[in-house]
Amino acid sequence: MIELNGLRVKYPDGTIALDNVTFSIEDGESAALVGANGAGKTTLMLALVGVLPIDAGSITIDGLFHDKNAINEIRRRVGMVFQNPDDQLFMPMVRDDIAFGPRNYGADEETVQRITDDTLSELGICHLKDRSSLKLSSGEKRLAAIAAVLALEPSALLLDEPTAFLDPKARRNLIGILNRLGHSKLIATHDLHFAKEVTTRAILLKEGKIFADGEPEKLFYDVKLMDACSMEAVKRSR
């Protein structure tokens, strides 16, 4: 479970990026984090994994209090997939990227190889294991980045704009994979149609504060609500 209570994040110049953000993500729950550019979506995720410091409030992950003493364990339990896969893939081959996390945390080589093979198989990308990420398509890079995070066996996943750079086929494949994964998921996205297919809850951010929290089917079609968040509502099909 992910719990945020009164979270505030302030940038070095004094700008308050997140203010009094409170919500929880239950085990196995999949929620969309929605808002216009600058609303605080990525900032919230970076705070969750300790990249940005917390100015006030608290974060608890699986009952573990989020502080500097627990940050390594927090990063094992909450895996973040960045918007640009190139920010995560840096090893010579895909299998090396997947093996990096478990190996870095001290797993023996037999365990590293088992986790690598299992993760490749789970995502259906065994054929990519000996490929360089430089030679992959955007969809393949996205799956390789997800695999590198899953190899740490986290309880929750954070995904920042996961459909960015994807063609329709790769997007559809990603939807199927995310719906198969039983992890708690918080997904920052502008793609509301995608969010409807992979989440059961939407948290709308506006200027660093929670503006609405509810079912995607209700919020995304609310023209006044979405317009107030500087976003375009989903049009109902006739």
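**Pockets, sheet and helix packing**

The lining of the second largest pocket comprises nine nonpolar, six polar and five charged residues. This result, like those below, comes from a predicted model. The second largest pocket encloses about 240 Å³ of space. Its lining numbers 20 residues. Those nearest the centre are Gly139, Glu140, Leu143, Ala170 and Asn173. Two elements, α5 and α6 (168-180), each give two or more residues to this lining. The largest share comes from α6, which supplies six residues. Of the residues nearest the centre, Ala170 and Asn173 fall within α6.

The largest pocket has a volume of about 500 Å³. In total, 19 residues line the largest pocket, and the closest to its centre are Met80, Phe82, Gln88, Val149 and Leu152. Four elements each give two or more residues to this lining: α2 (71-77), β6 (78-81), α3 (94-104) and α5 (138-150). Met80 lies in β6, and Val149 lies in α5. The largest share, four residues, is provided by α3. By class, the lining of the largest pocket holds 11 nonpolar, five polar and three charged residues. Helix α5 thus appears in the lists for both pockets. Gly139, Glu140 and Leu143, at the second largest pocket, also belong to α5.

Enclosed space was examined next. Rolling a probe the size of a water molecule over the atoms reveals where empty space remains. One cavity of 30 Å³ or more was found. The volume of the largest cavity is about 30 Å³. Its lining consists of Met1, Ile2, Ile25, Asp27, Ile61, Asp62, Ser155, Ala156 and Ser184. Five of these residues are nonpolar, two polar and two charged. The charged residues are Asp27 and Asp62. The polar residues are Ser155 and Ser184.

Two of the cavity-lining residues, Ile2 and Ile25, also face each other across paired strands: isoleucine 2 stands opposite isoleucine 25 in β2. Ile2 belongs to β1 (residues 2-10). Strands β1 and β2 run antiparallel and are joined by six bridges. Strands of a sheet pair through backbone hydrogen bonds, in either a parallel or an antiparallel manner. Here, four strands make up an open sheet with antiparallel pairing, in the order β2-β1-β4-β5. Its edge strands are β2 (16-25) and β5 (64-65), each of which pairs on one side only.

Helix packing was then analysed. Two packed helices are described by the angle between their axes and by the distance between the axes. The axes of α4 (residues 109-123) and α5 lie 10 Å apart, and the helices pack at an angle of about 135 degrees. This angle makes α4 oblique to α5. The crossing of α4 past α5 is right-handed.

Helix α5 also packs against α6, at an angle of about 20 degrees and with an axis separation of 9 Å. Angles under 35 degrees count as roughly parallel. The two helices, α5 and α6, are therefore roughly parallel to each other. This crossing, of α5 past α6, is again right-handed. The pair α5 and α6 also contributes to the lining of the second largest pocket.

Methods:
Residues are numbered from 1 along each chain as its sequence is written. This is a predicted model: local features need pLDDT of at least 70, side-chain atom pairs count only at pLDDT 80 or more; totals for chains, interfaces and linings use all residues. Side-chain values use heavy atoms; hydrogens and water are left out. On a 1 Å grid over the protein atoms alone, a cavity is a set of points where a 1.4 Å probe fits but cannot get out, and a pocket is an open set with protein on both sides within 12 Å along at least five of seven lines; lining residues have an atom within 4 Å of a point. Grid points are joined across faces, edges and corners, and a volume is the space filled by probe spheres set on the points. Two strands pair if DSSP finds at least two bridges between them. Axes are lines fitted to C-alpha atoms, for helices over the stretch in contact, and angles run from 0 to 180 degrees between N-to-C directions. Angles under 35 degrees count as roughly parallel, over 145 as roughly antiparallel, 65 to 115 as roughly perpendicular and the rest as oblique. A crossing is left-handed if the near helix is turned anticlockwise from the far one by less than a right angle, and right-handed if clockwise.
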